[in-house]
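Me: I am new to this structure and would like a close look at a single part, the surroundings of the ligand. Please take me through that part and then place it within the rest of the protein.

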Amino acid sequence: MSTVKGIEKDDILEFRIDDMSTDGSGIGHISLGQADGRGFALFVKDAAPGDFVRAKVIRLKKSYGYARLLEVLEPSPDRTEPLCPAARQCGGCQFQHLSYRAQLDFKKNMVENLLARIGGFEGIKIPPVIGMEDPWHYRNKAQYPVGRDKNGRTVIGFYAGRTHSIIDLDKYEGAEGCAIQDADSVTIAAICRQWMESFRVPAYDEKSGKGLIRHILTRKAFSTGQIMVCLIINGQSLPHARDLTQALAAVPGMTSICVSPNKRRDNVILGERAKTIWGSDTITDYIGDIGYRISPLSFYQVNPVQTKVLYETALSFADPKEGDTVWDLYCGIGTISLFLAQKAGRVYGVEIVPQAVEDARKNAQLNGIENAVFFTGKAEEVVPREAKKRPDIIVVDPPRKGCDRSLLDFIIKTGPDRLVYVSCGPATLARDLKILAEGGYELKKIQCVDMFPQGCHVECVVLMSKANT
Ligand code: SAH
């Protein structure tokens, strides 16, 4: 479509940005005399709410369009200079051009709007999002895609927004490699690059399916300093492996080096197995007093400082007592389960990834926790089969797509006193809370925690109780 009544493709317009989309684009409204009085919405990437901009219309749909930012004529008071020179192109950060205070306010409003619009909780007000004191270099995990540029040079970095073209880490130099990653991960990427170039180890090419090195995964346990590196490869083994492990072993804290073969032709990053080629199979991190061993294929939260806040919030909402039976669904390596087990009678964890369940069992042992049991499988299949008595409390922490409908129905049918929903996807959270509310649960408390400063995601913890308790 190139024309909407009153507006055309290639028009250059000046207008105020008055809103922001959930993925961080500014939105301005052009008055075309619509009945709703709000105007025709134009999405402008890299514009901030409050900016007065000049922008060129590049695409029109029936009820909204896209415009390219040409100039910020009057900057918003919330605008700041991004720390990272690649912030605009890189798909990693969406909010670096906004002050941290404005980022937190935006996330709060976004959650309120989704809860009202999708969840039916009209007029809901939630407390401020708990942010970080220092919202930079907070990530303990990096997943660098590896490829080649036009000249055949190895590139290691991050995908540009909405594409698979890789922005090399040397474009991020002004921000010491990457403004949100740990500096050691950048050093590790540089060592891998040098090794690939010295020994002519080919990068993987997505188009042809040829080449070897696909991704470099790094993880650092901030509390112990232990580091893990996992190379995801389009093959079974690494050539010149000893040269690589020798170079990597010189990084202080290096504890585990492994490879994970993955010959799939889709977007799944990790392979199904990981083989240790140097050092231990796992690294160990502490959150609060509890130690966790982490293997390369297991999920582990990426922001350890905020994870502690998140788990403490979940624990205080769940408030387990000595005799309580608690189920922790989507439990990963048992992180929340072990927090709960310190207070509860018995905790049952359920997780789909077998390596994570193995970690969870070892973690219980490692911490001398004897009242936690773990099952491998889908939450929606395992709980109905294994729950012999009514759970007092259920905690769920599903991936972004939310809970399976049959699991929500099971929860409503069995009727635990309290349900704690930890969510990294506020839209699916709102959808699921609506179902639970219709099933007789009342929303009692909600607290958002900012696990992803500079990015557009937000984590929420919600307490629901049976309406009559
Ligand atoms: N609570 C954990 C993990 C949360 S991430 C923590 O805080 O560390 C979500 C987890 O759900 C992942 O470990 C993923 O492997 C798992 N998962 C995804 N689908 C699942 C399902 N249907 N049943 C059980 N676990 C699932």
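Reply: What follows begins with the ligand, goes on to a helix beside it, and then turns to the whole protein and some single residues.

This is a predicted model, in which local features need pLDDT of at least 70 and side-chain atom pairs count only at pLDDT 80 or more, while totals for chains, interfaces and linings use all residues. Residues are numbered from 1 along each chain as its sequence is written, and side-chain values use heavy atoms, with hydrogens and water left out.

There are 17 residues around the ligand, and those that come nearest are Tyr 311, Thr 335, Glu 351, Ala 379 and Asp 397; a residue is near a molecule if one of its heavy atoms lies within 4 Å of it. By kind, the shell divides into 9 nonpolar, 4 polar and 4 charged residues, where Ala, Val, Leu, Ile, Met, Phe, Trp, Tyr, Cys and Pro count as nonpolar, Asp, Glu, Lys and Arg as charged, and the others, Gly among them, as polar. The side chain of Tyr 311 has an N or O atom 2.6 Å from an oxygen atom of the ligand, and Tyr 330 places a backbone N or O atom 3.1 Å from a nitrogen atom of the ligand. With Glu 351, a polar side-chain atom is 2.7 Å from an oxygen atom of the ligand. Of the 570 Å² of accessible area that the ligand has on its own, the protein covers 90%, the areas coming from the Shrake-Rupley method with a 1.4 Å probe; for residues, only the protein chains shown count as cover. Helix H5 (335-341) and helix H7 (379-386) are the elements that give two or more residues to this shell; helices (H or I, at least four residues) and strands (E, at least two) are DSSP runs, numbered from the N terminus.

Within H7, the buried residues are Ala 379, Glu 380, Val 382 and Val 383, and buried means under 20% relative accessible area, exposed over 50%, and partly exposed in between (1.4 Å probe, protein chains only). Their cover includes strand S17 (325-329), strand S18 (346-351), strand S19 (372-376) and helix H8 (405-414).

Turning to the whole, the protein has 9 helices and 23 strands. Its radius of gyration is 24 Å, close to the 23 Å that the globule rule gives for 469 residues, so the protein is as compact as a globular protein of that length; the radius is taken over C-alpha atoms, and the rule is 2.2 Å times the number of residues to the power 0.38. Of the 469 residues, 54% count as buried.

Among single residues, Lys 107 sits in helix H1 (residues 100-117) and is buried, with a relative accessible area of 0%. Its side chain makes a polar contact with the side chain of Asp 450 at 2.8 Å, a polar contact being a pair of N or O atoms within 3.5 Å; within protein, one must be able to donate a hydrogen and the other to accept it, and residues adjacent in sequence count only if both atoms are side-chain atoms.

Gln 447 belongs to strand S22 (residues 441-449) and counts as buried at 13% relative accessibility. A polar atom of the Gln 447 side chain lies 3.0 Å from the backbone oxygen of Pro 128. Leaving aside neighbours within four places in sequence, the residues in contact with Gln 447 include Pro 127, Val 129, Thr 313 and Phe 317, contact meaning heavy atoms within 4.5 Å.
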